[in-house]
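Visitor: I should like to learn how to read a structure with several chains. May we go through it step by step?

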Number of protein chains: 6
Amino acid sequence: MPFILSPDPARRPRVLIINPNATEAFTEGIRGTLRADVELDFYTAPAAHAPASIESATDEIVSAAACLSELRAHVDKWDGFVVACFSAHPLVPALRELSAAPAVGILEASLLMGSTLGGRVGILTTSPRWEPLLEGEIAALGLAGKNAAGVVSSGLAVLDLEELPRASVIKVLCTAAADVLQDRRGADVIVLGCAGMAGLEDAVGEACQPGLVVLDPVRCGLEMCLGLIRMGARTSKVGLYAPA
Amino acid sequence: MPFILSPDPARRPRVLIINPNATEAFTEGIRGTLRADVELDFYTAPAAHAPASIESATDEIVSAAACLSELRAHVDKWDGFVVACFSAHPLVPALRELSAAPAVGILEASLLMGSTLGGRVGILTTSPRWEPLLEGEIAALGLAGKNAAGVVSSGLAVLDLEELPRASVIKVLCTAAADVLQDRRGADVIVLGCAGMAGLEDAVGEACQPGLVVLDPVRCGLEMCLGLIRMGARTSKVGLYAPA
Amino acid sequence: MPFILSPDPARRPRVLIINPNATEAFTEGIRGTLRADVELDFYTAPAAHAPASIESATDEIVSAAACLSELRAHVDKWDGFVVACFSAHPLVPALRELSAAPAVGILEASLLMGSTLGGRVGILTTSPRWEPLLEGEIAALGLAGKNAAGVVSSGLAVLDLEELPRASVIKVLCTAAADVLQDRRGADVIVLGCAGMAGLEDAVGEACQPGLVVLDPVRCGLEMCLGLIRMGARTSKVGLYAPA
Amino acid sequence: MPFILSPDPARRPRVLIINPNATEAFTEGIRGTLRADVELDFYTAPAAHAPASIESATDEIVSAAACLSELRAHVDKWDGFVVACFSAHPLVPALRELSAAPAVGILEASLLMGSTLGGRVGILTTSPRWEPLLEGEIAALGLAGKNAAGVVSSGLAVLDLEELPRASVIKVLCTAAADVLQDRRGADVIVLGCAGMAGLEDAVGEACQPGLVVLDPVRCGLEMCLGLIRMGARTSKVGLYAPA
Amino acid sequence: MPFILSPDPARRPRVLIINPNATEAFTEGIRGTLRADVELDFYTAPAAHAPASIESATDEIVSAAACLSELRAHVDKWDGFVVACFSAHPLVPALRELSAAPAVGILEASLLMGSTLGGRVGILTTSPRWEPLLEGEIAALGLAGKNAAGVVSSGLAVLDLEELPRASVIKVLCTAAADVLQDRRGADVIVLGCAGMAGLEDAVGEACQPGLVVLDPVRCGLEMCLGLIRMGARTSKVGLYAPA
Amino acid sequence: MPFILSPDPARRPRVLIINPNATEAFTEGIRGTLRADVELDFYTAPAAHAPASIESATDEIVSAAACLSELRAHVDKWDGFVVACFSAHPLVPALRELSAAPAVGILEASLLMGSTLGGRVGILTTSPRWEPLLEGEIAALGLAGKNAAGVVSSGLAVLDLEELPRASVIKVLCTAAADVLQDRRGADVIVLGCAGMAGLEDAVGEACQPGLVVLDPVRCGLEMCLGLIRMGARTSKVGLYAPA
């Protein structure tokens with residue numbers, strides 16, 4: 001079991017950023033936004049088995065199984081994992097069972113970190129399909145109390161984020177953020193609810209009231225993971241995440 | 001989309017009982033306990049891809065993906081589905097997305113039905129590994145309030161249920177049921193928390209105080225599914241379970 | 001104590017459908033919608049003591065006491081009971097104390113069954129008076145989490161359902177269902193929240209988005225009760241429902 | 001509608017203390033413990049229709065209906081009502097519907113007032129039968145969070161409180177209070193959970209750690225009711241307690 | 001420790017009403033609305049150290065520390081304390097630690113008492129700044145379930161209540177009460193959410209539907225405190241409020 | 001307002017670690033355990049005004065006010081704040097109101113981070129006095145669901161941690177961790193619940209089952225704060241933490 005008992009301060013942590021869908025452009029988008037002072041590896045799910053985007057519970061299972069079959073034998077290569085799908089993706093608990101290196105999901109990390117920055121965190125998601133799905137998953141994570149402003153759809157499909165002109169994407173996201181999450185729901189912190197929105201936090205923030213905070217969940221996931229690694233923290237092996 | 005709009009009263013409903021692990025003996029054990037006046041088909045997950053028993057979140061994903069790859073193209077053959085794994089098995093929401101025929105999990109069905117029969121439902125599970133796993137899943141299903149007496153491990157492994165002498169199995173289960181769930185936790189209804197315990201409800205009931213109720217979750221799942229079918233109920237296609 | 005220990009598969013279950021108000025027309029309305037392959041008896045509360053319709057906590061007590069005084073001595077005649085008032089009617093726990101035959105309320109049964117068919121169940125009730133009453137009772141049943149889309153009044157009085165022209169009734173119900181529950185509250189499953197709406201589920205469903213599910217709670221109650229009977233399940237006699 | 005719009009400061013408030021069981025000795029026991037500077041009337045439920053003690057949901061209904069049939073026409077005689085049964089007695093919401101004078105139950109009042117005096121309120125009840133009944137009713141009142149130390153049975157039947165020698169009663173209550181509620185459950189406030197325990201709070205308090213608080217719920221109910229009356233507060237007539 | 005073990009019925013209780021901000025006019029406003037048949041002392045926080053009004057968590061700390069430094073040595077002079085700031089003011093738990101005389105906050109008292117008068121209590125506060133602050137504090141007090149209609153800002157600053165013409169103040173409050181809390185949120189009981197609104201309950205009530213109840217929280221706090229004193233109740237000294 | 005809009009990657013973040021009690025030895029103990037690759041400043045509350053240790057709600061107020069009076073004018077010197085008292089210390093929300101630099105409490109940070117490492121986080125505190133105090137504060141932070149194994153006292157006073165021989169301290173902590181939190185409460189992650197326990201996590205971990213995780217909350221607080229700073233995250237200024 002790859003316990004990281006005494007992190008070597010001279011060694012830079014090595015983290016695997018997992019894009020569990022099969023769209024390379026998403027992985028590239030994420031890569032461009034992350035800091036350069038740690039060793040980051042990037043993984044994209046195999047196009048032969050995983051969906052191009054994740055839009056349902058079925059997609060999550062297929063995606064998780066496709067990633068597991070490739071990653072399972074290699075988990076001891078990394079000091080930590082970030083699962084870069086904005087959901088309660090089942091790969092997160094699976095990685096916690098398979099490794100003692102910290103494994104973090106970006107939905108969870110962004111709600112945990114966002115809850116220290118304001119009183120009403122809201123989530124800006126893609127299609128309306130994600131509203132009930134995310135609300136259910138957030139409740140299942142025990143984090144409904146940390147999402148007081150709820151989940152609001154922008155109406156964009158996940159793949160629209162890659163395919164539409166950037167200016168159109170930003171315009172649609174800004175409207176949903178400012179008109180619905182800020183004005184109607186009273187959000188003081190907004191989380192961009194899709195890994196495909198990476199890098200858009202400043203643009204969305206400019207559409208909102210000055211002082212409102214917009215968070216990129218992938219960066220939250222990476223920072224949470226690095227913090228755990230730097231403390232030498234590892235996943236517990238005696239309870240919920242004991243090996244099977 | 002296979003909507004069952006007007007159930008033909010002359011036709012007997014056809015239900016698929018899914019054992020999502022690869023152990024045929026479990027499927028046989030279940031088959032022996034179910035009523036004979038409906039059309040029941042039985043499915044066992046493929047040994048090449050699915051685990052022999054389900055003991056972790058990782059097992060659940062692998063099991064669900066293995067079943068999905070075989071069943072996905074054929075879901076329109078049945079009027080309803082029972083997923084006979086005592087967990088929040090991810091196949092349940094996936095089937096609800098893929099079909100409008102009712103899909104029921106046995107953990108969910110037994111807690112829902114048990115909650116109409118007493119005030120403190122308790123669950124008798126197998127190994128200690130399942131205690132935190134089930135408690136987390138029950139909370140995620142929004143059913144913690146329907147499991148007031150909690151989850152108690154008998155200490156038996158899932159496969160012990162098939163491999164140990166029946167008398168030994170019963171003795172161990174009876175002790176955990178009577179001493180822990182009934183006496184210490186105050187359960188008035190006990191759910192047998194593993195499909196592999198099918199058929200043992202009378203034996204366990206005899207070890208408890210007369211009047212205490214012991215439920216077989218597979219029979220709960222089947223009756224809940226049949227009730228939904230007989231009403232002509234179907235899974236909603238406009239919200240949480242909309243097709244992807 | 002009338003335990004139903006070994007249900008005779010050759011004998012058809014006998015269920016008492018209880019209309020706890022004194023309006024015979026309601027009982028007749030219900031009778032017309034229920035399946036014919038079990039033995040159903042129907043009971044209407046006595047006009048001398050029970051209210052014509054149930055509209056308050058006071059009505060519930062008076063209705064329950066009136067029914068209890070007549071039914072108490074005869075509860076061993078039936079294999080199960082359905083209390084056909086859409087509320088947390090106090091007759092339900094009373095019957096569970098007085099008999100071991102399953103006793104089911106239609107509010108409870110429809111929320112439990114509806115929660116397996118979608119993610120946001122909503123309730124369409126009669127007068128605005130019922131909104132706070134039902135919300136409180138649903139919370140008291142521990143089912144608030146299964147009623148995410150809430151309770152919406154159609155504005156009709158209970159007795160309007162019998163007295164107004166059917167087309168007017170349907171029109172009013174359809175507007176509340178489609179405009180409020182579906183569009184504003186995001187319901188994917190709608191429960192008709194009054195026994196007097198029996199038989200209207202198809203008409204209301206046609207006003208909504210295709211794929212949205214509309215449930216008749218009396219049929220839910222009957223199917224839940226039959227499922228429990230067919231399993232041989234009985235009410236626990238050692239805890240919450242022990243005889244006094 | 002008997003609104004008490006401007007309480008006359010010169011007039012002493014008149015409160016009806018309702019013992020909803022048919023045992024006069026209970027009423028007398030309560031009367032002996034209450035303050036003398038307000039007008040108190042005492043009512044005992046009719047022996048012909050109400051139970052001698054209340055031990056079940058069935059008893060609550062029968063008791064409530066018996067009281068309602070006698071009191072309904074006379075509710076405008078009082079400035080407030082205290083229902084002196086330690087339960088979520090259904091007479092409380094019924095009185096709130098029938099009158100605008102404040103109506104208070106003693107379970108509710110003692111938990112509300114006790115929650116201002118400590119962090120972990122516990123309840124000392126009579127027979128084990130009451131443990132699941134009270135836990136369910138406290139949750140239904142939305143007060144589970146105000147009963148952190150739970151409900152503990154002394155093993156005494158309700159009528160034992162009248163019939164056994166006082167010294168024996170006190171000894172049994174003291175043991176349950178000190179050994180279970182104080183030591184094992186960590187209660188810092190103990191509520192005597194039966195109107196029949198009126199007047200025993202000092203004796204029980206002496207068995208506990210100095211500084212622990214023991215409350216008589218009937219006195220809580222009376223003080224809460226008087227406070228509401230003295231403010232000129234009345235039950236709202238536009239929502240939950242609107243007249244039917 | 002100043003236990004009030006046997007309240008002398010001949011002695012009138014002596015209560016300290018604490019205005020924890022430094023604005024004397026608020027103290028005067030409160031004094032004018034309270035009953036005259038008990039001994040009331042009034043305290044205003046020192047202008048040198050406390051804020052003129054309380055508008056933030058920072059203000060609460062500064063205000064509480066300023067009051068504590070003056071009051072700490074004198075707490076045994078009173079039979080009870082009312083902290084007349086509509087918040088979860090930290091002075092309340094501090095007084096409970098420092099004295100056994102009951103200490104009551106007006107937010108807490110008004111929600112507890114209001115919950116016996118209706119089903120949906122709503123709060124009318126001052127500036128929008130207080131909406132998230134109060135919602136968080138009410139949840140922290142475990143009273144979110146007793147504030148179903150939520151917190152609504154009138155838009156007025158706290159000091160506006162003293163400085164604007166009374167007619168303008170009333171007009172603004174009435175609009176928020178009737179249009180938002182009553183009509184949109186379905187409140188049946190409205191609590192005036194600032195000590196500075198003392199005496200305005202009748203004016204606001206007249207703007208609402210007849211039968212809706214409007215409560216002055218300072219009067220609630222005083223009556224709750226007097227009820228506790230008259231019972232001889234004291235703060236528990238063995239758990240949450242044990243002396244440090 | 002000191003917004004940290006574009007963190008300079010070349011500049012090392014500067015964080016203030018605040019020990020809000022007046023015992024320098026605690027500050028020194030903490031300093032010895034923290035990483036050296038960021039700029040850390042350390043602050044101890046003034047002995048003239050703050051308590052030597054924090055043991056009550058009263059202490060928290062006095063401590064917070066003492067710190068605020070010294071720090072208030074200087075908050076723009078730091079990129080982030082860690083309040084190193086294991087409580088819901090009121091300085092945390094005050095700093096969030098006074099600055100946009102992230103402010104983190106160590107109780108909150110350790111529960112948030114611990115919840116990603118296991119299923120049942122437990123807390124090992126000092127004296128029994130802290131059990132009800134912490135349970136209340138954790139609920140108030142909305143984190144009760146992240147503390148499934150509860151709070152357990154070691155019986156040591158806060159100052160014992162400095163004054164008793166280290167071996168004795170460790171022995172007592174190990175017994176409480178292993179016998180109570182691990183064995184009886186089923187904790188899989190244990191948080192050391194006092195800043196004075198800094199540096200003892202390995203010693204406590206050795207007394208527990210291999211694979212169980214023990215966390216030092218100050219290190220959690222620092223890593224959470226650094227993660228927020230490195231993302232450029234700032235406290236929201238439009239809702240709960242808007243300036244007064």
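Visitor: How far apart do the closest C-alpha atoms of chain B and chain E lie?

Guide: Contact means heavy atoms within 4.5 Å. No contact joins chain B and chain E, whose closest C-alpha atoms are 16 Å apart. Chain A and chain D are likewise not joined by any contact. This is a predicted model, in which local features need pLDDT of at least 70 and side-chain atom pairs count only at pLDDT 80 or more, while totals for chains, interfaces and linings use all residues; side-chain values use heavy atoms, without hydrogens and water. Residues are numbered from 1 along each chain as its sequence is written, and chains are lettered from A and ligands numbered from 1 in the order in which they are written.

Visitor: Which turn lays chain A on chain F?

Guide: Copies are superposed by least squares on the C-alpha atoms of residues with pLDDT of at least 70 in both. A turn of 180 degrees, with a shift of 0.0 Å along the axis, lays chain A on chain F with an RMSD of 0.0 Å. The two copies are therefore related as by a two-fold rotation axis. Both use the same surface, since 100% of the contact residues of chain A recur in chain F.

Visitor: In which order do the strands of the sheet in chain F stand?

Guide: Strands of a sheet pair through backbone hydrogen bonds, either parallel or antiparallel. In chain F, 4 strands form an open sheet in the order β2-β1-β3-β4, with parallel pairing. Strands (E, at least two residues) are DSSP runs, numbered from the N terminus, and two of them pair if DSSP finds at least two bridges between them. The edge strands of chain F, β2 (39-44) and β4 (103-105), each pair on one side only.
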